[in-house]
Amino acid sequence: MACAEISDYRVGEVLLNRVMQEQLDEVPSDVPVVVSTKTQEVESDQEQKIVSQLAIMIRTIGDAIKKDGKLDDAIDGMVGKMTSQTSYWNLVEKVFEDSQITWERIAVLFYVAGRIAVKVVIANIPQLVKDILKWTLEYFRSKLLDWIQKHGGWMNSFAELARVQVEKMSPMSTWSSASILVFLGVILGSVITWKLARRT
């Protein structure tokens, strides 16, 4: 049995939905906010595992960023100004302000989309949540998807995001971080290779 082809767009769409919904689920609200009315689904167990692992990594990276407080302050200042795709994309462009795309910045974008969704719900304008999802997906499709595919797809994001995750989680020395990163990379690569080999 051959491995199912992984759709980088589908993984990105499901991942964004999940990251946003997880953050919205933490908001105390009388009315539950659902990110999307249509159900996005992955088409294989492999895609589901990728989405699950990436969601955990993004949450960890995002939680470290959130502790800083500057992100929430910046988002607070922008919530009232997000009235169109153009104004939203202007905010998103700040994540990629030097036109440098990295796995970390893509993860931050997904996290920021979730934080913005939380802020608009708190500001009592939950109807913007679906717009934020739509605008983020359009940005993802037009500006990031090609980069992701040229860099080997979501599967190749794990090592970089694991490194960022370790750096954000602890103030360890660079040597300790590098050792842990190598260890995590070897373990993760072994598990992925083993699981893929079992499917063929």
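**Close-up views of a predicted all-helix chain**

**Figure 1. Overview of the protein chain, which has eight helices and zero strands.** The model shown here and in every view below is predicted. Read from the N terminus, the elements follow the order α-α-α-α-α-α-α-α. Of the 200 residues in the protein chain, 44% count as buried, and the accessible surface comes to about 10,900 Å², with 55% of that area belonging to carbon and sulfur atoms. When contacts between residues at least 6 apart in sequence are considered, 80% of them join residues at least 24 apart.

**Figure 2. The second largest pocket, with a volume of about 260 Å³.** The lining is made up of I65, D68, K70, L71, A74, I75, L91, K94, V95, V108 and V112. Two or more of these residues come from each of α2 (45-68), α3 (70-79), α4 (85-95) and α5 (103-122), and α3 gives the most, with four residues. Sorted by class, the lining holds eight nonpolar and three charged residues, and no polar ones; the charged residues, counting Asp, Glu, Lys and Arg as such, are D68, K70 and K94.

**Figure 3. Helix α2 and the glycine that follows it, G69.** The 24 residues of α2 should span 34 Å at 1.5 Å a residue, and the end C-alpha atoms of α2 lie 35 Å apart, which agrees with that expectation. Just after the helix, G69 takes a positive phi of about 90 degrees. Residues 45-68 form α2 and residues 70-79 form α3, and among the residues that line the second largest pocket are I65, D68 and K70.

**Figure 4. Two loop residues with positive phi, S99 and N124.** Most residues other than glycine have a negative phi. In S99, however, phi is near 60 degrees, a positive value in a residue other than glycine, and N124 likewise has a positive phi, near 65 degrees. S99 sits in the loop between α4 and α5, whereas N124 sits in the loop between α5 and α6 (128-150). Which side of the 50% cut-off does the relative accessible area of S99 fall on, over or under? With a relative accessible area of 65%, S99 is exposed, and N124, at 63% relative accessibility, counts as exposed as well.

**Figure 5. R105 in helix α5 and its contacts with residues that include V95.** R105 has a relative accessible area of 22% and is therefore partly exposed, since only values under 20% count as buried. Leaving aside neighbours within four places in sequence, R105 is in contact with V95, F96, E97, D98 and Q100. The C-alpha atoms of R105 and V95 are separated by 6.5 Å, although the two residues are ten residues apart along the chain. V95 is also one of the residues lining the second largest pocket.

**Figure 6. A107, a buried residue of helix α5.** At 4% relative accessibility A107 counts as buried, because the cut-off for that class is under 20%. Not counting residues up to four places away in sequence, A107 touches I58, I61 and L161. A107 and L15 are 92 residues apart in sequence, while their C-alpha atoms are 9.9 Å apart in space.

**Figure 7. T136 in helix α6 and the residues that T136 touches.** T136 counts as buried, at 1% relative accessibility. Apart from residues up to four places away in sequence, the residues touched by T136 are L16, Y88, L109 and A113. One of these contacts, that with L16, joins residues 120 apart in sequence, whose C-alpha atoms are 8.4 Å apart.

**Figure 8. Q149, another residue placed in helix α6.** Is Q149 buried or partly exposed? At 43% relative accessibility, Q149 counts as partly exposed, whereas T136, in helix α6, counts as buried at 1%. The C-alpha atoms of Q149 and Y9 are separated by 9.3 Å, and these two residues are 140 residues apart along the chain.

Conventions: Residues are numbered from 1 along each chain as its sequence is written. This is a predicted model: local features need pLDDT of at least 70, side-chain atom pairs count only at pLDDT 80 or more; totals for chains, interfaces and linings use all residues. Side-chain values use heavy atoms; hydrogens and water are left out. On a 1 Å grid over the protein atoms alone, a cavity is a set of points where a 1.4 Å probe fits but cannot get out, and a pocket is an open set with protein on both sides within 12 Å along at least five of seven lines; lining residues have an atom within 4 Å of a point. Grid points are joined across faces, edges and corners, and a volume is the space filled by probe spheres set on the points. The expected span of a helix is 1.5 Å times one less than its number of residues. Buried means under 20% relative accessible area, exposed over 50%, partly exposed in between (1.4 Å probe, protein chains only). Contact means heavy atoms within 4.5 Å. Accessible areas come from the Shrake-Rupley method with a 1.4 Å probe; for residues, only the protein chains shown count as cover.
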